[in-house]
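Student: I am new to this structure and would like to learn how to read it step by step. Could we begin with the nonpolar core?

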Amino acid sequence: MNYWLFKSEPDAFSIDDLKNAPGKREHWDGIRNYQARNFIRDDMQKGDMAFFYHSSCAEPGVVGICEIVSDAYPDHTAFDPNEKYYDAGSTPENPRWLMRDLKYRRKTKRLISLAEIKQHTDKLEGFPLIRRGNRLSIMPVSPDHWDFIISLEQSKS
């Protein structure tokens, strides 16, 4: 099993939106970075777990846990010129961008803020979220980093 972190701006799509989606399941569209696309295509598997991370908000941080529940498939938003994430170079016959379905598992017991995560650089060395200049919306999480962040949920910030 692999572990991931998915970033989303809560005013665009929040952990509550995922929780309230039919079947608590939704596709994750709009990825337009080749490295993130490659994670979706090559590295993710059904059954992998992911942190749901709220970004670009008053207090960014880990707010929930979800599961990858589909194989990769073409991101249909790339084909529609009326969509925000339209890409004229991506066609149904030769899709450039992919997505996966996520299923809500639970909210974290509390917000695990980015500020708190950054206080533990000794335990989270190499964690992409705290690496300078990392702007990816999907990133891998090592099993050790996953376990440590889960342990933070039990402590008081």
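Tutor: Please keep in mind that this is a predicted model. In soluble globular proteins, nonpolar side chains tend to be buried together. Here the largest nonpolar core has 40 residues, and L5, F6 and I138 are the ones that touch the most other members.

Student: Which residues does F6 touch, not counting residues up to four places away in sequence?

Tutor: F6 touches ten residues by that count if you follow the list through: W28, M44, A50, F51, F52, Y53, I68, L102, S137 and I138.

Student: How should I read a single residue in a loop, and is P128 buried or exposed?

Tutor: Begin with its place, which for P128 is the loop between α3 (114-118) and β7 (138-141). P128 counts as buried because its relative accessible area is 10%, which is under the 20% cut-off. Leaving aside neighbours within four places in sequence, P128 is in contact with N134, M139 and P140, and its C-alpha atom is separated by 9.8 Å from that of S142, 14 residues apart along the chain.

Student: How many helices and strands does the chain have, and in what order do the elements run?

Tutor: There are four helices and seven strands, and from the N terminus on they run β-α-β-α-β-β-β-β-α-β-α.

Student: What does the radius of gyration tell me about the chain?

Tutor: A compact globule of 157 residues would have a radius of gyration near 15 Å, and the chain has 16 Å, so the two agree. Of these 157 residues, 45% count as buried.

Definitions and conventions:
Residues are numbered from 1 along each chain as its sequence is written. This is a predicted model: local features need pLDDT of at least 70, side-chain atom pairs count only at pLDDT 80 or more; totals for chains, interfaces and linings use all residues. Side-chain values use heavy atoms; hydrogens and water are left out. A nonpolar core is a set of buried Ala, Val, Leu, Ile, Met, Phe, Trp, Tyr and Cys residues joined through side-chain atoms within 4.5 Å. Buried means under 20% relative accessible area, exposed over 50%, partly exposed in between (1.4 Å probe, protein chains only). Contact means heavy atoms within 4.5 Å. Helices (H or I, at least four residues) and strands (E, at least two) are DSSP runs, numbered from the N terminus. The radius of gyration is taken over C-alpha atoms; the globule rule is 2.2 Å times the number of residues to the power 0.38.
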